[in-house]
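Let's take a friendly walk through this structure together. Keep the view in front of you and follow along as we go.

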Amino acid sequence: MGIISWIILGLIAGALAKWLMPGNDGGGWIATCGLGIAGSLAGGWIGSLIGLGSAGGINIGSIIIATVGALILLFIYNRFIR
């Protein structure tokens, strides 16, 4: 998958994670979208490790995997970094 697809998928996942994660984030939308891009990479990597498949294109399965990765990174950010 190309880098542009990863960025678009990460932005979608970051926006969904921001919408799904309760509470006040100090980073705002830009930091959350950055976490979404990192979450799409992490979610695709973890998904391929445990056999769920990878984020291999912009489709529903990839968006779900990337959003879960973004939620995990957003949770870690809110608990430990902030």
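Leu41 is partly exposed, because its relative accessible area of 48% lies between the 20% cut-off for buried and the 50% cut-off for exposed. Keep in mind that this is a predicted model, so every value here is computed from predicted positions. You will find Leu41 in helix α2. From there, look across to Ala66: the two residues are 25 positions apart in sequence, yet their C-alpha atoms are 7.2 Å apart in space.

Now step back to see the whole protein. Its secondary structure consists of three helices and zero strands, and reading along the sequence gives the pattern α-α-α. The protein has 82 residues, and buried ones make up 35% of them.

How do helices α2 and α3 meet? Helix α2 covers residues 28-50, and helix α3 covers residues 60-81. Their axes come within 7 Å and cross at roughly 120°. In general, two packed helices are described by the angle between their axes and the distance between the axes. An angle from 65 to 115 degrees would count as roughly perpendicular, and one over 145 as roughly antiparallel; α2 and α3 fit neither description and are therefore oblique to each other. The crossing of these two helices is right-handed.

Let's move on to helix α1, which spans residues 3-20. Ile7 has its place in this helix. With a relative accessible area of 33%, Ile7 is partly exposed. Its C-alpha atom is separated by 8.7 Å from that of Gly36, which is 29 residues away along the chain.

Leu16 is also found in helix α1. This leucine is partly exposed too, with a relative accessible area of 30%. Two residues help you to place Leu16 in space. One is Ala66, which we met beside Leu41: Leu16 and Ala66 are 50 residues apart along the chain, and 9.7 Å separates their C-alpha atoms. The other is Ile63, 47 residues from Leu16 in sequence and 9.1 Å from it in space, C-alpha to C-alpha.

Is Ile63 buried or exposed? This residue is found in helix α3, and its relative accessibility is 17%. Buried means under 20%, so Ile63 counts as buried.

Return to helix α1 for Leu20, whose place is in that helix. Leu20 is partly exposed, with a relative accessible area of 47%. Which residues join Leu20 in a nonpolar patch on the surface? The patch is formed by Ile4, Ile7, Ile8, Leu11, Ile12, Leu16, Trp19 and Leu20. Together these residues have about 740 Å² of accessible area. Ile7 and Leu16, which we visited earlier, are among them.

How values were computed. Residues are numbered from 1 along each chain as its sequence is written. This is a predicted model: local features need pLDDT of at least 70, side-chain atom pairs count only at pLDDT 80 or more; totals for chains, interfaces and linings use all residues. Side-chain values use heavy atoms; hydrogens and water are left out. Patches are made of residues with over 30% relative accessible area and no salt bridge: like charges are joined within 9 Å, nonpolar side chains (Val, Leu, Ile, Met, Phe, Trp, Tyr) within 5 Å. Accessible areas come from the Shrake-Rupley method with a 1.4 Å probe; for residues, only the protein chains shown count as cover. A salt bridge is a side-chain nitrogen of Lys or Arg within 4 Å of a carboxyl oxygen of Asp or Glu. Helices (H or I, at least four residues) and strands (E, at least two) are DSSP runs, numbered from the N terminus. Buried means under 20% relative accessible area, exposed over 50%, partly exposed in between (1.4 Å probe, protein chains only). Axes are lines fitted to C-alpha atoms, for helices over the stretch in contact, and angles run from 0 to 180 degrees between N-to-C directions. Angles under 35 degrees count as roughly parallel, over 145 as roughly antiparallel, 65 to 115 as roughly perpendicular and the rest as oblique. A crossing is left-handed if the near helix is turned anticlockwise from the far one by less than a right angle, and right-handed if clockwise.
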